[in-house]
Amino acid sequence: MSGLFRELWFLWKDRAAKVWLAIAFLAASISVFLGLAEVSSQRDTIDRLLEADQIEREAVAAAHSDWGSAAYYTFHLTYDPPSNFAFASLGQRDISPWKHRIRMLALEGQIHESDAANPEFALIGRFDFAFVAAMIAPLFLILLLHDLRASERVGGRYELLSSTSSEASGPWMSRASWRVSMLAIATLIPLWTGAVIGDSASSAVLIASFALILHLCFWWALAAWINAQAWTSTVNLTALIGAWLALAVVAPLAIKSGIDAAIPVPDGGDIMLTQREAVNDAWDLPKDATMGPFLERHPELVEYGEIAATFEWKWYYAFQQVGDQIAEPLSYAYRDGKARRDNLASVLSWLSPPSKVERVLQSVAGTDARAAAAYEARVRAYHAALRDYYYSNLFPEHPFTSEAIAKRPDFQATSES
């Protein structure tokens, strides 16, 4: 015990170590603060949109007296609220849509639209806790551990310290353990504080904390091996920084490039273009060319499928759906390809510990690719429910009443803490 407290005293007297630990605490605190602010902003945005959406839908319903025009002019808000732990890792929420305003028009042209993103954010990523845990914390650990033995060799104290210890690795193990422990505490305290403020689930906090500790232990083991090679501190630092660049930067880029080449995925823009071309072409085609494919999907509407006038709303919405049907193979290939890429990336991320940590944090925060795909699936299901609702009133020409419009389905969002 006396040896442990002696090493703690040495750590306290090391000004450089205190500076690095303070900066690590500051970086983690800033990342948590920014994450909480972003989550709060997204929730405020959703609340404002919900209020405006309700007012707008009521106004549109009051302004129109038929199902076709009401369906055309009414927007329906769909959204994916951030989880209580999303502040730690915003993940895919920076690049994938988490809100849509959809209409009864063709869905593919709407679901692949997203808000314009800042290209600089897309390039460098969000400064959240996941970034600190995966990318920055290893750098602080490298700075704290790279010269543990080399500095003693330069000072002529290495042989003395080794001879006075019962084990050759004794003083270095206790000294390193204190530094790694203090770095873990400095990094985790802001996370735990943010979790309390955000009312996060304890299971998410425990998993994230365990992932960070394992990540630090990996870099600790690597630093210990390099320190044991009797190199100078400069060579140690160069080797560790090289390892960080290889595992945190080069490996993820190589994995992504390899996966993209191995699993081709249609572009979302191609899906939108295919659907819109099909919809635009439908204006010039015989109406049977639209109603035939449409009624194959909706045999219950066959008795209402005759189009006598030059324009009828039911024909208009029929070719909107047929546009989706024509783009359907591309859409399925897109979703399947994205899922296969994500599954393969999950396996290969073991080759890059920083990438694995980020994926773990995104998973527990509900901000990973699977969460984005789940939100898209809810949007598709809701749009299908809207179609069933409007078709069941539009095609049989049921009266347009306030009681009937009140039965319109509402979007149900889910959120995990």
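**Figure 1. Asn 227, a buried residue at the end of a helix.** Asn 227 is buried, with a relative accessible area of 5%; the cut-off for calling a residue buried is under 20%. This and every other view here comes from a predicted model. Asn 227 belongs to helix H10, which covers residues 202–227. Where does the side chain of Asn 227 reach? Follow the side chain of Asn 227 and you will arrive at the backbone oxygen of Leu 145, at 2.7 Å.

**Figure 2. The protein as a whole, to help you place the close-ups.** If you trace the chain, you will meet 17 helices and two strands. The protein has 417 residues, and 45% of them count as buried. Now think about contacts between residues at least 6 apart in sequence: 82% of these join residues at least 24 apart. Keep that in mind when you look at the residue pairs in Figure 7 and Figure 8.

**Figure 3. Helix H2 beside helix H6.** Here helix H2 (residues 15–63) meets H6, and their axes come within 10 Å and cross at roughly 180°. How are H2 and H6 arranged, roughly parallel or roughly antiparallel? That angle makes H2 roughly antiparallel to H6, because angles over 145 degrees count as roughly antiparallel. By class, 13 nonpolar residues, one polar residue and no charged residues make up the contact of H2 with H6. From H2, look for Ala 17, Trp 20, Leu 21, Ile 23, Ala 24, Ala 27, Ala 28, Ser 31 and Val 32. They meet Phe 129, Val 132, Phe 140, Leu 143 and Leu 144 in H6.

**Figure 4. Helix H6 again, now with helix H11.** H6 (residues 129–145) also packs with helix H11 (residues 233–262), at an angle of about 170° and with the axes 10 Å apart. H6 is therefore roughly antiparallel to H11. Which classes of residue would you expect to find in the contact of H6 with H11? By class, the count is 11 nonpolar, no polar and no charged residues. On the H6 side you can pick out Met 135, Pro 138, Leu 139, Ile 142 and Leu 143. Their partners in H11 are Leu 237, Leu 240, Ile 241, Trp 244, Ala 248 and Val 249. You may recognise Leu 143, since this residue of H6 is also among those that meet H2.

**Figure 5. The two faces of helix H13.** Helix H13 runs over residues 287–297, and its buried residues are Thr 290, Met 291, Phe 294 and Leu 295. Why do these buried residues lie on the same side of H13? They cover an arc of only 115° around the axis, so they fall on the same side of H13. What covers the buried residues of H13? The cover includes helix H12 (268–282), helix H14 (313–348) and helix H16 (369–394). Turn to the face of H13 that points away from its buried side and you will find the exposed residues Asp 288 and Glu 296.

**Figure 6. Two loop residues with a positive phi.** Asp 199 sits in the loop between helix H9 (170–198) and H10. Its phi is near 55°, a positive value in a residue other than glycine. Is Asp 199 buried or exposed? Asp 199 counts as exposed, at 57% relative accessibility. Glu 397 lies in another loop, the one between H16 and helix H17 (402–405). For Glu 397, phi is near 60°, again positive in a residue other than glycine. Glu 397 is exposed, with a relative accessible area of 63%.

**Figure 7. Ala 262 and its distant partner along the chain.** Ala 262 is part of helix H11 and counts as exposed, at 52% relative accessibility. How many residues along the chain separate Ala 262 from Arg 341? They are 79 residues apart along the chain, and 8.8 Å separates their C-alpha atoms.

**Figure 8. Two residues of helix H12 and their partners.** Gly 269 is found in helix H12 and is partly exposed, with a relative accessible area of 35%. From the C-alpha atom of Gly 269 to that of Glu 113 there are 8.9 Å, although the two positions lie 156 residues apart along the chain as their separation. Asp 281 is found in H12 as well, and this residue is partly exposed, with a relative accessible area of 46%. Asp 281 and Gly 323 are 42 residues apart in sequence, while their C-alpha atoms are 9.4 Å apart in space.

Definitions and conventions. Residues are numbered from 1 along each chain as its sequence is written. This is a predicted model: local features need pLDDT of at least 70, side-chain atom pairs count only at pLDDT 80 or more; totals for chains, interfaces and linings use all residues. Side-chain values use heavy atoms; hydrogens and water are left out. Buried means under 20% relative accessible area, exposed over 50%, partly exposed in between (1.4 Å probe, protein chains only). Helices (H or I, at least four residues) and strands (E, at least two) are DSSP runs, numbered from the N terminus. The arc is that of the directions from the helix axis to the C-beta atoms. Contact means heavy atoms within 4.5 Å. Axes are lines fitted to C-alpha atoms, for helices over the stretch in contact, and angles run from 0 to 180 degrees between N-to-C directions. Angles under 35 degrees count as roughly parallel, over 145 as roughly antiparallel, 65 to 115 as roughly perpendicular and the rest as oblique. Ala, Val, Leu, Ile, Met, Phe, Trp, Tyr, Cys and Pro count as nonpolar, Asp, Glu, Lys and Arg as charged, and the others, Gly among them, as polar. A polar contact is a pair of N or O atoms within 3.5 Å; within protein, one must be able to donate a hydrogen and the other to accept it, and residues adjacent in sequence count only if both atoms are side-chain atoms.
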